[in-house]
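Colleague: I am new to this structure and would like some help reading it. Could you walk me through a few features, one at a time?

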Amino acid sequence: MHDDELLTVPDVMRRLKLGRSTVYDLIRSRRLPSITIGRCRRIPVRAVRDYISNELEAAA
């Protein structure tokens with residue numbers, strides 16, 4: 001998976017094992033950066049990796 005690849009919200013839901021509203025809450029709170037292309041929301045793979053890394057650091 002390339003760092004510049006873009007994921008859909010359902011892709012992120014599957015990767016993080018989270019519900020749709022939780023993913024959108026993370027996007028709204030800017031804890032998970034995303035972009036909008038037309039009416040489609042896309043999340044960079046790098047943003048998901050950074051989110052996981054930040055959560056692991058906070059839990060340590």
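Modeller: Let's start with E55, and keep in mind that this is a predicted model. E55 has a relative accessibility of 34%, so it counts as partly exposed.

Colleague: Which residue forms a salt bridge with E55?

Modeller: The general idea is that side chains of opposite charge can pair when their charged atoms come close. Here the partner is R31, and the closest N and O atoms of R31 and E55 are 2.9 Å apart. This pair links distant parts of the chain: R31 lies in the loop between helix 2 and strand 2 (35-37), while E55 belongs to helix 3, 24 residues apart. R31 has a relative accessibility of 43%, so it too is partly exposed.

Colleague: How many salt bridges does a search of the whole structure find?

Modeller: The search finds three. Another of them joins the side chains of R28 and D25, at 2.7 Å from N to O.

Colleague: How far apart are R28 and D25 in helix 2?

Modeller: They are three residues apart in helix 2, which means about one helical turn separates them. As for accessibility, R28 reaches 58% and counts as exposed, whereas D25, at 41%, counts as partly exposed.

Colleague: And what does R14 form with D11?

Modeller: R14 and D11 form a salt bridge, with 2.6 Å between the closest N and O atoms. Both sit in helix 1, three residues apart, so about one helical turn lies between them. R14 is exposed, with a relative accessible area of 54%, and D11 is partly exposed at 22%. The cut-off helps with reading D11: buried means under 20%, so a value of 22% does not qualify.

Colleague: Then which residues of helix 1 are buried?

Modeller: In helix 1, which spans residues 9-16, the buried residues are V9, V12 and L16. They cover an arc of only 60° around the axis, so they lie on the same side of helix 1.

Colleague: What do the buried residues of helix 1 pack against?

Modeller: They pack against two strands, strand 1 (6-7) and strand 3 (40-44), and against two helices, helix 2 (20-28) and helix 3 (45-59).

Colleague: Which residue takes a positive phi just after helix 1?

Modeller: That is K17, with a phi of about 55°. You can find K17 by following the chain just past the end of helix 1.

Notes: Residues are numbered from 1 along each chain as its sequence is written. This is a predicted model: local features need pLDDT of at least 70, side-chain atom pairs count only at pLDDT 80 or more; totals for chains, interfaces and linings use all residues. Side-chain values use heavy atoms; hydrogens and water are left out. Buried means under 20% relative accessible area, exposed over 50%, partly exposed in between (1.4 Å probe, protein chains only). Helices (H or I, at least four residues) and strands (E, at least two) are DSSP runs, numbered from the N terminus. The arc is that of the directions from the helix axis to the C-beta atoms. Contact means heavy atoms within 4.5 Å. A salt bridge is a side-chain nitrogen of Lys or Arg within 4 Å of a carboxyl oxygen of Asp or Glu.
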